[in-house]
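Me: I should like to learn how to read the features of a structural model. Please take me through one.

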Amino acid sequence: MKIWANRLDRAFERHQEEYERAALRVLRSGWYVLGKEVDNFEQSFAKYVGAKFCVGLASGLDALWMAFRMLKIGAGDEVIVQANAYIACVMGITMSGATPIFVEPNEYFNLDVTKIEKAVTAKTKAILAVHLYGQSSDMLAINEIAKKHGLYVVEDCAQSHGAKQGETMTGNFGDIGCFSFYPSKNLGAFGDAGCVTVNSDKLNDDFRTYRNYGSEKRYYNKVVGTNSRLDELQAAFLAVRLKYLNEINAERTKICNRYLAEIKNSAVTFPKIQENCETVWHQFVVQLGNRNEREKFINYLAEKEIGTIIHYPIPPHLSEAYAYLGYKKEDFPIAEKYADSVLSLPLYSGMTDDELSYVIEAINAY
Ligand SMILES: *Cc1c(COP(=O)(O)O)cnc(C)c1O
């Protein structure tokens, strides 16, 4: 049995007719960028998250760098982020001109809130909390620290659509929630797309102006903006998928609960969920002892035609792209340990019980 680490065809097939109808509606409408479909999706998604506003953008990365731009954070400013973040989180910071300050992650793969304050300097302007692999960060603690030091809070919710801490959904804790709708995300489009969620009228207006060349009125440009517009096709697809997001997340939870209950192998360490923090299981990330042991395990599963992915093999501070920041190995040992040991097991909408059983049996036989 061949099992892909991730596949997107099953989620499409499940609601194929609805997606095709949405596509035809847009194609026949004669209006393709920033229109009714975008308005509709923005309103539905804001409501879902519990935020006052949602502004559709072209990607998750755009949401991130524009968030810092809208908060007037740039050259000379510092932004705190966890050292095991995805590279796009860090690029969002550096594209805005600011400097990332890395803080080690906790046992849940999110920002270790006990280490944030040591990283705060006179230049610190914001904390970027990345809800990695689907689990909400400890936003109550992060907001408290931010308040104490007068910092902005930006959330990277690219992997956490629908995840909560307590009763509040990620994207509704900080000043700005940044979302990606890249096809493989829990709420995925059929191409690139993203958005921000905000509760401030001013930020809502600023993002709307900035995403469209800084113009509020056509050909009247208020600021030097960018082109980061959500298109009508993606918005129409997203509105369909949003209706099923709770179902999608519940399905992922069911799959992961079987992994947790049925995998019995001491070589594999399970992911942990923080009390009061919810996960929507964007990834099911186990840990193997070290790089060699992980390699052996990957090869064993590959022989059985089971795909896996490493999220992520190189932490941003050791990435060639950020060599100029001057970090070296051992600077963030916990993040580096994760990079050496994490592995994402197969997980996708439409994964069958048989496929899941096959993966579990293979792991138990290892
Ligand atoms: C996917 C992702 C992004 C980037 O989103 P794009 O839409 O691909 O630009 C940023 N942060 C995290 C945590 C992600 O998973």
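The dialogue below turns to the ligand, then to aromatic rings and the backbone.

Me: What should I know about the model beforehand?
Reply: This is a predicted model, in which local features need pLDDT of at least 70 and side-chain atom pairs count only at pLDDT 80 or more, while totals for chains, interfaces and linings use all residues. Residues are numbered from 1 along each chain as its sequence is written, and side-chain values use heavy atoms, with hydrogens and water left out.

Me: Which residues come nearest to the ligand?
Reply: A residue is near a molecule if one of its heavy atoms lies within 4 Å of it. Here 13 residues surround the ligand, and G60, D156, Q159, S180 and K185 come nearest. By class, the shell holds seven nonpolar residues (Ala, Val, Leu, Ile, Met, Phe, Trp, Tyr, Cys and Pro count as such), two charged ones (Asp, Glu, Lys and Arg) and four polar ones (the others, Gly among them).

Me: How are polar contacts with the ligand read?
Reply: A polar contact is a pair of N or O atoms within 3.5 Å. A polar side-chain atom of S180 lies 2.6 Å from an oxygen atom of the ligand. Polar backbone atoms also take part: one of G60 is 2.8 Å from a ligand oxygen, and one of L61 is 2.8 Å from a ligand oxygen.

Me: How much of the ligand's accessible area does the protein cover?
Reply: Accessible areas come from the Shrake-Rupley method with a 1.4 Å probe. On its own the ligand has 380 Å² of accessible area, and the protein covers 91% of this.

Me: Which elements give two or more residues to the shell around the ligand?
Reply: Helices are DSSP runs (H or I, at least four residues), as are strands (E, at least two), numbered from the N terminus. The elements in question are α4 (60–70) and α5 (87–95). With three residues, α4 gives the most.

Me: How is a pair of aromatic rings described?
Reply: It is described by the distance of the centres and the angle of the planes. Rings of Phe, Tyr and Trp (its six-membered ring) pair if their centres lie within 6.5 Å; planes under 30 degrees apart count as stacked, over 60 as edge-to-face and the rest as tilted. The count comes to 23 aromatic pairs. The centres of F45 and F181 are 5.5 Å apart with planes at 85°, so this pair is edge-to-face. F45 belongs to helix α3 (residues 36–49) and F181 to the loop between β8 (176–180) and β9 (194–198), 136 residues apart.

Me: Which residues does a cis peptide bond join?
Reply: The bond joins H311 and Y312, with omega about 10°. Y312 lies in the loop between α10 (291–303) and α11 (333–341).

Definitions and conventions
Polar contact = N/O pair within 3.5 Å; in protein donor to acceptor, adjacent residues only side chain to side chain.
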